[in-house]
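User: I am new to this structure and would like a close look at a single part of it. Please start with one charged residue and what it pairs with, then work outward to the other parts in one connected answer.

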Amino acid sequence: MNGLFLVIISALVFVLAYRFYGAFIAAKVLTVNQYKVTPAFRFEDGHDYVPTNKYVVFGHHFAAIAGAGPLVGPVIAAQFGYLPGALWILIGGVLAGAVHDMVILFCSMRYDGKSIAEIAKSQIGDKVGLATSFAVLFLNILAMAGMAVVIVNALHDSAWGTFTIAMTIPIALFIGVYMQYLRPGKIKEGTIIGVVLTLLAVVVGPAVQASPTIAPLFTIGPTGIGIALIIYGFVAAALPVWLLLAPRDYLSTYMKIGTIGALAIGIIIVGPMIQMPALTQFVSGGGPVITGPVLPYVFITIACGAVSGFHAMISTGTTPKMLMNERSILPVGYGAMVTESFVAMMALIAATSLVPADYFAINSSEAAFKALNMSVVDLPQLNAMIGENVAHRPGGAVSLAVGMAFIFSNLPGLDQLMNYWYHFCIMFEALFIMTIIDAGTRVGRYMLQELIGRVWPKFGDAHWMPGAVIASALISGAWGYIVLQGNLSTIWPIFGVSNQLLAIITLAISSVVICSIGKARYVWVTAIPWAFLTVVIFWADFLNMFNIYLPKGEWLLFTVSAIMAILVIIVSIGSLKKCMELSKTVPPDYKTQAEYEAEELQHLKEQESAGGDYAATVKEFEADTLVTK
């Protein structure tokens with residue numbers, strides 16, 4: 001089958017879903033209000049709560065949620081064939097993932113930008129709130145470990161790739177200072193300078209790799225890459241959001257969207273044939289990449305490409321503290337997720353355009369590949385063109401980069417640039433993943449401070465620097481320890497399950513909030529994906545525990561899996577009871593979006609006349625809205 005068909009189908013599905021289903025949820029279920037003062041204004045502090053341009057927020061949010069999952073998840077799932085992954089990306093992205101992200105972002109903005117645990121505490125009670133806190137903290141650490149291990153496998157012993165990624169950090173710091181102090185408000189200037197410098201880092205890469213003096217500095221083994229990521233996560237979590245996190249995420253978004261757009265155009269021009277069959281012999285299990293069967297493992301393998309609980313930590317962490325207008329919840333929440341699902345589909349196409357034997361040679365160990373009795377076809381030639389041996393680098397990142405580079409190098413006049421394309425794609429993937437590590441570690445810092453703040457109030461103060469530094473070090477150290485001790489085959493399954501368990505928690509709490517605002521008649525929007533994920537993810541968790549961890553003696557992972565399942569059950573039962581209670585006690589709300597906005601606008605104008613605290617925000621709301629009145 002030609003990959004072009006999947007590009008067209010995906011684009012149509014996601015555009016129509018955004019235009020109709022996303023708009024329906026925004027207007028009817030949530031009744032977002034463009035004149036309601038957001039937490040970014042009410043708690044503005046210049047550090048965490050910072051009113052930020054909607055385009056920058058979209059860039060930050062998309063970069064933060066689009067980590068390893070939409071890139072490597074579909075690539076790993078390709079071992080089952082292209083069809084299971086493609087179906088789940090389309091269905092899950094529209095009906096589960098985008099709904100999950102959008103609704104919990106709305107909830108957090110209505111709860112002062114607080115975390116999902118604080119929302120649970122307010123809506124359901126202290127016990128469920130505490131269970132949610134521990135569950136989210138566990139899941140955050142495991143998610144960070146899952147993301148980091150992919151970077152380690154992609155960058156180790158590659159001077160070109162490591163140099164390129166390392167350079168993005170000082171570039172982001174410079175752009176942060178440039179847009180904050182040197183040229184405030186000059187977003188276009190900062191964007192152009194940042195993108196040019198990032199591309200220049202890729203171009204300079206071959207000279208670094210060829211230098212006998214510089215190359216050893218960037219030729220780092222797996223342990224060294226892991227330690228460097230731990231340090232980066234700590235620094236990014238502790239620094240002010242405007243200095244490193246926001247500009248880096250914003251710049252990387254242009255690279256990401258631009259690259260995916262170029263890949264889509266490349267697929268249209270080249271028309272690569274999908275060489276992986278619709279279903280492979282591994283759908284029943286026993287595959288060299290994922291040992292379990294397609295059901296339920298496709299749901300935890302695709303992860304962020306369809307639905308991701310980790311996104312809740314961004315949607316209740318950094319993004320609600322920056323968003324200036326509730327109308328932006330639709331493009332930032334729903335829009336960023338369907339964009340990510342489109343990224344996942346492009347990744348799936350790129351990976352499945354490889355000859356199956358070459359795909360398995362890259363994504364499995366040497367011993368596992370020999371057991372398949374397959375012979376590589378194009379891999380030796382690809383190795384020569386790239387200038388590196390890419391065989392037996394599991395994790396999906398390398399095979400995706402090879403697939404993308406293969407498509408780009410088949411464009412007219414670009415056939416001699418395979419090595420540049422490959423390293424550009426590695427940089428593109430690592431940017432995706434590192435932005436989720438820095439944002440995730442920062443959100444983990446918020447959660448840990450909130451949790452410890454229950455017994456030590458001073459530590460819970462987000463502005464208390466010692467607390468922020470200690471919490472950042474503990475979070476980055478925790479996920480870093482797992483990365484240094486484990487490997488992809490043990491970390492990715494528990495990452496996938498933990499990620500989706502957090503999605504179950506998020507959908508449960510989102511359902512409670514929907515019922516609490518008098519919209520119980522629309523609770524099916526979150527309840528259906530909540531119920532579906534509960535069945536398939538607990539199934540996968542059971543298989544992980546008793547088919548993978550227990551036989552291998554992985555008692556730590558077995559215990560953590562059991563604890564997570566218990567915590568999710570506690571939250572789900574509490575949420576279900578609360579939904580039933582609210583549906584009976586809270587009167588249905590039939591006010592329209594227009595009515596709510598008219599009331600809020602009148603309230604703001606009254607405050608403006610009286611010289612109230614929010615008098616200056618009316619024009620800012622109107623300037624930032626995405627709706628033409």
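Analyst: Asp112 is partly exposed, because its relative accessibility is 26%, a figure between the 20% below which a residue counts as buried and the 50% above which it counts as exposed. The model is a predicted one, and the values here are computed from it.

The partner of Asp112 is Arg42: their side chains meet in a salt bridge, with 2.9 Å from N to O. This pair joins distant parts of the chain, since Asp112 is in the loop between α5 (82–110) and α6 (116–123) while Arg42 is in helix α2 (residues 39–42), 70 residues apart. Arg42 is also partly exposed, its relative accessible area being 28%.

The whole structure has six salt bridges, and two others among them can be set beside this one. Lys370 and Glu366 form a salt bridge in which the closest N and O atoms are 3.8 Å apart. Here both partners belong to helix α17 (residues 366–371) and sit four residues apart, about one turn of the helix. An α-helix has 3.6 residues a turn, so residues three or four places apart point the same way. Lys370 counts as exposed because its relative accessibility is 59%, whereas Glu366, at 45%, counts as partly exposed. The other pair is Glu599 and Lys591, whose closest N and O atoms lie 3.0 Å apart. Glu599 is partly exposed at 44% relative accessible area, and Lys591 is partly exposed at 35%.

Cysteines are the next thing to check for links between side chains. A search of the whole structure finds zero disulfides. Cys107 shows why for its own case: the closest cysteine sulfur, in Cys579, is 11 Å from the sulfur of Cys107, too far for a bond, given that a disulfide needs two sulfur atoms within 2.5 Å. Cys107 falls within the residue range of α5 (82–110) and is buried, with 0% relative accessibility. Cys304 is likewise buried, at 0%.

From there, the covered parts of the model can be followed through helix α19. This helix covers residues 397–409 and is mostly covered, with twelve of its 13 residues buried. Among the buried ones are Ala397, Leu400, Met404, Ile407 and Phe408. The length of α19 is as expected: at 1.5 Å a residue its 13 residues should span 18 Å, and the end C-alpha atoms are 18 Å apart, so the two agree.

Leu400 leads from α19 to another helix, because it is one of the residues touched by Ala347, along with Pro70, Leu71 and Val75, when residues up to four places away in sequence are not counted; a touch here is a contact of heavy atoms within 4.5 Å. Ala347 sits in helix α15 (residues 329–352) and is buried, its relative accessible area being 2%. Measured against Gln593, by contrast, the separation of Ala347 is 38 Å from C-alpha to C-alpha, with the two positions 246 residues apart in sequence.

After α19 the chain passes through a loop to α20, and Leu417 lies in that loop. Leu417 is partly exposed, with 32% relative accessible area. It belongs to a nonpolar surface patch that also includes Phe174, Val177, Leu200, Val204 and Tyr420, and the whole patch has about 840 Å² of accessible area. Two helices, α8 (159–182) and α9 (187–210), each supply at least two residues of this patch.

Helix α20 itself runs over residues 418–452 and contains Met447. Met447 is buried, as its relative accessibility is 8%. Leaving aside neighbours within four places in sequence, Met447 is in contact with Val136, Leu137, Asn140 and Met313. The C-alpha atom of Met447 is 9.1 Å from that of Gly460, which is 13 residues away along the chain.

A last residue returns to the acidic side chains. Asp358 is in helix α16 (residues 356–363), and it counts as buried because its relative accessibility is 1%. Its contacts beyond four places in sequence include a run of residues: Val376, Val377, Asp378 and Leu379. Asp358 is thus buried at 1%, whereas Asp112, where this account began, is partly exposed at 26%.

Technical notes: Residues are numbered from 1 along each chain as its sequence is written. This is a predicted model: local features need pLDDT of at least 70, side-chain atom pairs count only at pLDDT 80 or more; totals for chains, interfaces and linings use all residues. Side-chain values use heavy atoms; hydrogens and water are left out. Buried means under 20% relative accessible area, exposed over 50%, partly exposed in between (1.4 Å probe, protein chains only). Patches are made of residues with over 30% relative accessible area and no salt bridge: like charges are joined within 9 Å, nonpolar side chains (Val, Leu, Ile, Met, Phe, Trp, Tyr) within 5 Å. Accessible areas come from the Shrake-Rupley method with a 1.4 Å probe; for residues, only the protein chains shown count as cover. A salt bridge is a side-chain nitrogen of Lys or Arg within 4 Å of a carboxyl oxygen of Asp or Glu. The expected span of a helix is 1.5 Å times one less than its number of residues.
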